[in-house]
Each structure stands twice: as structure tokens, then as C-alpha cells.
Amino acid sequence: MTVEEPILRLQNVESSYGPVKAIRGVSLTVNKGTIATVLGANGAGKTTILKTISGIIDPDKGTITFRGEQIQKRDPAWIVRRGICHCPEGREVFPLLSVRDNLMMGAYTRADRDAVARDLEMVYGYFPVLRDRAGEEAGKLSGGQQQMLSISRALMGDPDLMLLDEPSLGLSPKLTREIFDIVVRINRERGKTILLVEQNANLALSVADHGYVLEVGRIVMDDTCERLRANPDVQEFYLGMKEKGVRGERRWKKRKTWR
Amino acid sequence: MQVLQVVISGISQGLIYGLIALGFVLIYKATETVNFAQGELMMLGAFLGLTAVTFGMPFWAALPLAFAGMWVIGILLERVVLRPILGQPAFTVVMVTIGVGFVARGVVTMIPGWGTDTHALAAPFKGELVRAGGLVVGMEHIVVIAATIALSTALYLFFRFTRVGVAMQAASQNQLAAYYMGIPVRRLNSLIWGISAGVAALAGVLLAPITFVHVNMGFIGLKAFPAAVIGGFGSLPGALVGGVIIGVVESLSGVYLPEGFKDIAAYILVLVVLVVKPTGIFGETASKKV
């Protein structure tokens, strides 16, 4: 294990969309060089956490500290330059630009051309299909290739922290597995810290080091992923494993212990 | 031969429409609003060019000067008038741009030397004729065509190959993702306003030797708008093609059709295009994969 050195810390962060409060007092810590994951159902506020970190949404309350510097309520461009790149939910590629131009846009904030060119090669190394289709319009790629492009584009910003929002969305299990393998490689080989948001709890817990469980805007549980996987509540509600009753059937509805 | 001559003058007139339409499309693509003051920006540009020439500057120097002057005015307009209403409904923004047009016309009449008079802009090539194989074409038309080709080449290279140009495309295709990438979308939008005001100024100065410089010359914007629609609002080459189509049809109907058709030709064309191909000739439809 790496030394526990927090790179990102959220303290009591609250964000809302107009009158609707999406996250209520979320505190979490991501250690340097690790993969952290936030689990939660639809509408739990996972994406809102990421958007608040990357400056798309300004929080109503709370502080976000990145490498010892407070970054809440700053301009997204400023935050990208500090070293946080966001790979948004639903890929969000630039459909009419070529794959290569999409990648170069990921490096928009960087001035060092040689380093950008090296990173382009690195990204092509992780996802060779992007090199093959570098000249094509990104909108013509398949869903999985667009997801690879989206991750690569975030990687082109040379981030210290990558925010990955639902990389498995709409992909086949096999492709999801491949993409997750590369995400882990990026973490191990490049030392990128990753904050991963996923619906697929099983997969997320298998790759991440530390997990947070988010329900209706609150963090209800946090622990190492090993221990989360062993937790009966997580197994029941996120991993879909049901305990069998003595008679082999269940007649009760299980209550969550954190409520 | 006469047909060909009419067509050529139609093309040059149409390219003027096209240049103004280019401004409409640039701003529409970047900010999804329509700037109805585009014609007035052209008028202001023409007056700037006129003033430069009156103060003794050569025509060819007045052209970039008007471009630069309107560039600054365009950026100021975006910063002072449009940015504060960012996020308001599109209707609000449209009303504001129409208001900006009225204000521009009012201000021009107050400026000494500009006023409500009709001015002629002395261009070195004015009245020169080019003869080629039985064709007689006014030099001012040739200049318009050449200048438009040069300008659109420059714009193409800018949007295709420069970092800022590609980022502008990116921001117009997916604004949210552009924010995620740290692209300064707002700064680029004000740059776009600068470019489109500058292009309008070029259109104004190029048009001036053909017609006159006048406070109401901005109403030509009302014909540039159909040009943008025909081209498929959102396509830069479409704007120029739409402009040329309108210009040619207009000048042909001015010669061969009864009195009055010239003025409505543009609108008849728009109706036909909207019925036959609602997205316009170069209309882009990009679908998103999930």
C-alpha cells in the first residue's frame, strides 16, 4: 500500500440544483495514488459530487481541498490546470471533431508541446484503436470507442486526479472489463489518483481501494473495498446477493442498518 | 453574355449577403442565439472604413482597420451587453440584439460627419471595368469575390488548424465537455463576437463602393438572414452558398422578371427551401450515441 497521503478532501460539501439539494454534507478523502469509488443508486448524487469537484457546480457549503489548496467555487479551467480532469458521464465527445482533435482538446490547458505529444503516444498505447481511427470524426466511433476516447481525453490533460463518471454506461460486460483493466493500469503505471463513480458496484469494488456508499445525498458508509464487499448490507443492496432464509425463501424485507 | 454578366454581379452581391450571414452563423454556432444587429455591425464597419478613407488613408488600409475596429466593438458588445443576460431565454437575447441594432442606427445619426446623409466611399478601383472575352464586369465585383475567397480561406485555416479555432468548434459542438476540458468557453465566445463583427465590417467596406454608405444600409441584414437559413443555419460554407444563391436569383429576377420580384426573391427562396429541405442545404444533423 502507498503511504496514506490525502490528495483530495471534501468537507461537509452541500450542492443543489436550484431548490433541490443533491448532496448534503458529503465528506470524503482520496489518498494519493489510490482508486476511490463512490457507490450509489440513480439520483444518489454521485455525479453531483464529481461536478462540484471539477467546478461545474458551485457548492452551497463546505470546502474542497486539493493538494492543500482550496478549490471550491473556482472556474473549471482553473481547476483543470491544477491537475483534475473529469471524464464525464455519457462520454460527451466532440462529435464532429476528429479523434485526434478531441484528444488535443483534452490537452488544451497545457503549453508543453513535447509532453503533449508524448502523452498522445501513451494514450495510443493504452487504446490502439484510437490511433487507427485518429482521423475519423469522433461521432462515428462505437459507444465503447467513444468511452475510450473520453477517458483518453481526460488523460491528455496530464491530471494528478482523474474523475471517472460511469465508464461502464451502455457497454457490454466484456468491454467494460477491458476498460476497467486499463483504468487500473493507468492508476498503477502512471500513478494517477482516480475517483470512480459507478453503478456497477461489483466491478467498482473489485478495482478500487477505498469505497464510499452514497444514499440520497449522504455518505452512509465508507471503508476499504475488501471490507465493503464483506458487508452484508452492501452485498444485499449493491451486489445483489440475497441471503437465503432457513426455509430457502425470504418472507421479510431487509432493512438497511444505516437508516 | 448578358446572363453571365448578371450572374457575376449577382454572385458578388450574394457574397456580401454571405459574409453577413457568416456572422449570423458564427454567433449562432457558438452561443445558440441569433444576433439581429449583424446588419448594423456591417453598417458601423462601413462608416469606420469611410472615416478612415476620408482622413486620407488608402482603401486597402481602411479594410483591415475597419475589421480591427469592429473586432473591438464586437468584443465590447459581448462583454457589456450580452454577457450579463447569459442564461436568459433565447427570446430575451434576440430582443436585446434587435435593440442594439436600433441604438447603433440612432448613434450613427448623432455623429458629426456620419449623420443621415448618403456617403460615397472612394475606392481606387471604382468605375474600372474588366473586359474578358465579351464580358464586361465592374472591378468592384471582382474585388468582392476575391476578398471573400481570401477571407473564407483564412477562416477555414483558422478553424481547422489553430488550437483556438479547434477549441471554438469543440465548444460549439459540446459546450459542457468544453468546460470539463478547461477550455475558456466564455472568452472564446467573445472572440467569436469579435470575428463576426470584423467580418461584417469587411462586408460593409466591400459593399460601400457598389452602393453607398448610409445609416440604413444595415437592413441588408434582412436578406442575409435568409441566406443563412438556406445554407442551413449552422454551416459556415452554407452561409456563403446561401448568400450566392440569393444574390444570383435576385439579380436574375431583377432583369428577367416583372418589377418587384427582385425584392421578394430571397424570401420565396427561403420558403421553398424550408419546404423541400427544412435543415437547409448544408444542415448538419449529428446524433448522439449512448
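These notebook entries record what I looked up on helix packing and on the contact between two chains.

**Entry 1, the model.** I am working with a predicted model, in which local features need pLDDT of at least 70, side-chain atom pairs count only at pLDDT 80 or more, and totals for chains, interfaces and linings use all residues. Residues are numbered from 1 along each chain as its sequence is written, chains are lettered from A and ligands numbered from 1 in the order in which they are written, and side-chain values use heavy atoms, with hydrogens and water left out.

**Entry 2, α1(B) and α5(B).** I looked up helix α1 (residues 2-31) and helix α5 (residues 139-161) of chain B, which pack at about 30 degrees with axes 9 Å apart (helices are DSSP runs of H or I, at least four residues, numbered from the N terminus; axes are lines fitted to C-alpha atoms over the stretch in contact, and angles run from 0 to 180 degrees between N-to-C directions). The angle makes α1(B) roughly parallel to α5(B) (angles under 35 degrees count as such). I list L15(B) and L19(B) among the α1(B) residues in this contact, and L151(B) and F159(B) among those of α5(B) (contact means heavy atoms within 4.5 Å).

**Entry 3, chains B and A.** I noted that 24 residues of chain B and 29 residues of chain A take part in the contact. The two chains bury about 2300 Å² between them, 63% of it on carbon and sulfur atoms (accessible area, 1.4 Å probe, lost on being put together and summed over both parts). I found one salt bridge across this interface (a side-chain nitrogen of Lys or Arg within 4 Å of a carboxyl oxygen of Asp or Glu). D101(A) forms a salt bridge with R160(B), with the closest N and O atoms 3.5 Å apart.

Definitions and conventions: Parallel < 35°, antiparallel > 145°, perpendicular 65-115°, else oblique.
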